[in-house]
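Student: Could you pull up the model so we can go through it together?
Tutor: Here is the structure.
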Amino acid sequence: MVDFGAEIATRTLPLAGAHGGSSVARLELAAPAERISLRVAAADVAALSAALGVDLPTEPKTSASANGRTAMWLGPDEWLVIADGPGEIGSGLMAEAAKASVPHSAADVSHRNTAILVSGPGAAATINTGCPQDLSLAAFPVGACSRTIFGKVEIVLLRTAEDVFRVEVWRSFSTYAFGLLAEGAGDAAL
Amino acid sequence: MLLIHCPYCEEDRSELEFRWAGEAHIARPDNIAAISDEEFAEYFFLRNNEKGLTYERWRHIHGCGRFFNAARDTVSDKFLMTYKAGLPKQPIPAETKAEAIAEEKTVETWEQMEGDAR
Ligand SMILES: [Zn+2]
């Protein structure tokens with residue numbers, strides 16, 4: 001595939017330069033990542049898992065990670081799959097999904113979303129300023145994920161460690177989400 | 001804040017994640033072209049707007065995205081039961097019903113408050 005102009009085009013990332021946080025919660029921008037929105041029927045989940053190299057979780061609110069990608073359960077036939085880390089753009093989630101010769105829908109949403117990493121002892125309290133979910137470790141353990149609401153925008157929340165959350169948000173909502181998180185981080189420190 | 005049990009997520013979640021989607025169990029006529037205007041109006045426009053037990057569709061729009069069915073008491077706003085889309089109308093378990101009726105007696109309705117005011 002000819003990547004015409006890719007060398008000279010500069011892309012301004014959503015939230016470029018944004019900074020915020022408090023003594024109990026740190027806000028950072030996640031590195032750009034490749035993402036697909038995946039829909040597949042229960043009978044064909046195994047074929048997509050094999051093609052993507054990660055077992056698509058079938059339990060509500062759970063995620064699975066393998067081979068540098070994380071698959072998050074969003075609904076009974078719906079997943080968000082993210083290729084981790086910098087330099088993974090173009091690793092080929094779309095191409096790999098296409099290798100599964102079963103009916104499915106994979107949409108590249110790499111640039112639809114951006115992600116904010118919230119970490120620190122006040123991370124859960126920061127998110128709870130705008131999100132009604134129970135984020136105690138019992139109800140939302142490490143690896144748990146959920147599509148939910150944060151203030152007035154929809155997010156996908158993933159707990160990557162006891163005190164670290166990844167907040168996936170649509171890029172056009174990201175300034176709102178970051179602003180509310182920054183306010184929340186301040187409140188969590190009171 | 002109301003907590004609503006999503007039958008797909010299998011847990012109680014905040015009402016903020018849900019959206020109401022109208023009366024449940026309305027069957028589309030098999031041959032819609034063959035029915036009379038009155039039958040069409042009944043099917044398409046007219047809803048029961050029940051006081052008390054009502055069956056509704058809800059959607060976990062900011063969650064798993066699924067539509068499902070719910071039995072709700074429109075006086076107390078209590079959700080009595082939820083179940084997956086596509087299932088026939090489910091009976092309310094007797095103990096849930098008894099609980100709801102007991103609770104309803106203590107609920108302040110507009111009519112009661114109006115009565116007090118007079
Ligand atoms: Zn749900």
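Tutor: What follows covers the metal site and then the nonpolar cores.
Tutor: This is a predicted model, where local features need pLDDT of at least 70, side-chain atom pairs count only at pLDDT 80 or more, and totals for chains, interfaces and linings use all residues. Residues are numbered from 1 along each chain as its sequence is written, chains are lettered from A and ligands numbered from 1 in the order in which they are written, and side-chain values use heavy atoms, with hydrogens and water left out.
Student: Which residues coordinate the zinc ion?
Tutor: The donors are B:Cys6 (SG), B:Cys9 (SG), B:His60 (ND1) and B:Cys64 (SG), at 2.0 to 2.4 Å; donors here are N, O and S atoms within 2.8 Å of the metal (3.2 Å for Na, K and Ca), and water is not among the atoms, so sites may look incomplete.
Student: And how are they spaced along the chain?
Tutor: The spacing is C-x2-C-x50-H-x3-C. B:Cys9 sits in the loop between strand 1 (3-6) and strand 2 (11-14) of chain B, and B:His60 in the loop between strand 4 (53-59) and strand 5 (67-73) of chain B, so this pair ties together parts 51 residues apart in sequence (strands are DSSP runs of E, at least two residues, and helices runs of H or I, at least four, numbered from the N terminus).
Student: Are B:Cys9 and B:His60 buried or exposed?
Tutor: Both B:Cys9 and B:His60 are buried, meaning under 20% relative accessible area, with exposed over 50% and partly exposed in between (1.4 Å probe, protein chains only).
Student: Switching topic, what does A:Leu56 touch?
Tutor: Leaving out residues up to four places away in sequence, its contacts (heavy atoms within 4.5 Å) include A:Leu38, A:Leu48, A:Trp79 and A:Val81.
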